[in-house]
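Dear colleague,

I am handing over the structure we spoke about, and it is shown just below. My notes on what was found in it follow, and I would be glad if you read them with the model open beside you.

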Amino acid sequence: MARDRVSEEEAKKLDEVRARLDHQLGLVASVDTKPLPLATQSGSDDEAAWKTWQGWRPMSHHLNKRQLWDAIYEEAMRDAASEPTLASYLYSTILSHKSFETALAFTLANKLANNTLLGTQLMVMIEGAYRDEPELVESCMADLQAVFDRDPACERYSQALLCFKGFQAVQAQRLANWLWRINRKPLALAIQSRMSEVFHVDIHPAATLGRGLMIDHATGVVIGETAVVGDNVSLLHHVTLGGSGTGRGVRHPQIGHGVLLGAGATVLGPVVLGAGCKVGAGSVVVTDLPDHVVAVGVPARVVKRDIHLLEESLRSMDSGLHYVLDYII
């Protein structure tokens, strides 16, 4: 539904969605905006009431950094014992390191290195980034936990760390974004170029990514310079968050917390996808979507509303396909 064809009431609601999403994603400051409380005890009422579209928060089943590193190390020990062919690989990537940060830095440096962009120099840079900005590590832990929680193919943390290129690409972009923000833009762009070559994922260093992001399969994902992606978002392969026009302002989508974009979904221009939206595979979104809707088609049209009030299966990775089967585009 195009903005020039909606009623005054619908246009007002969409404006409210945009304003709320701006606050959610930290695009504007507000004295009324309060951070979500962190989980402090297992099984708390706060945690039971929390939903993915409210933003990232650690849960009682999530591991802290020490626990996470211990779990990854133990997984690598078991794999090295059961599969001797992988023993040297697992030693160099995990077992020879003393912390989660150094193992992650080694993995990314070796993935991104080439004959002229040396792995040793990249590892020094990455370790320095993790020391100077601990939030990079915290975001990485949130992403790793999101993959473990939401991807049924992920059975172990080490599996995602070493083998899932979507996870690795997101961590590489977070580093490029850090470089971009401290005005080391040539190196940021060089890392973006290597990401595209190695992972077949092209995310501009200036794009803003929330915590708990999962990119499944990842091949062909493109996210433009002024795009903003909220917390707990799930993207499948060949998703495009593309721009419109050649202007210098905001020209890419703003994606709310807890959104799911199916394989091949395309979102074009400075449109807003409200919190908890689900966009079907192959759909093309060119206009704003309110919170908690399922949208499909070319152009995408809303086929179900208020899905946050429905059964639990529609609150995470379920695409809402049963609403689409009888839909005629």
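I begin with the hairpin formed by β14 and β15, where four residues lie between the strands and where G297 takes a positive phi near 110 degrees. Please keep in mind throughout that this is a predicted model, and that the values below are computed from it.

The two strands of that hairpin, β14 (residues 293-296) and β15 (residues 301-305), run antiparallel and are joined by four bridges. If you would like a place to start looking at the pairing, A295 stands opposite V302 in β15.

On its other side, β14 is joined by two bridges to strand β12 (residues 278-279), and here the two strands run parallel, with K278 standing opposite V294 in β14. These strands belong to an open sheet of six, whose order is β3-β6-β9-β12-β14-β15 and whose pairing is mixed. The edges of this sheet are β3 (214-215) and β15, each of which pairs on one side only.

Turning to the helices, I looked at two packed pairs. In one of them, helix α9 (residues 165-181) and helix α10 (residues 185-199) have axes that come within 8 Å and cross at roughly 170 degrees. Because angles over 145 degrees count as roughly antiparallel, α9 is roughly antiparallel to α10. The crossing in which α9 passes α10 is left-handed. On the α9 side, the residues that meet α10 are K165, Q168, A169, A172, Q173, A176, L179 and W180, and their partners in α10 are K185, L187, A188, L189, I191, M195 and F199. Sorted by class, the residues of this contact between α9 and α10 comprise eleven nonpolar, two polar and two charged.

In the other pair, helix α3 (residues 65-82) packs against helix α5 (residues 100-112) at an angle of about 55 degrees, and their axes are 9 Å apart. That angle makes α3 oblique to α5. Here K65, L68, W69 and I72 in α3 meet F100, E101 and A103 in α5, and the contact of α3 with α5 counts five nonpolar and two charged residues, with no polar ones.

With best wishes

How values were computed: Residues numbered from 1 in each chain as written. Predicted model: local features only at pLDDT ≥ 70, side-chain atom pairs only at ≥ 80, totals over all residues. Heavy atoms only, no water. Axes fitted to C-alpha atoms, helices over the stretch in contact; angles between N-to-C directions. Parallel < 35°, antiparallel > 145°, perpendicular 65-115°, else oblique. Left-handed = near helix turned anticlockwise from the far one by under 90°. Contact = heavy atoms within 4.5 Å. Nonpolar A, V, L, I, M, F, W, Y, C, P; charged D, E, K, R; others polar. Pairing = 2+ DSSP bridges.
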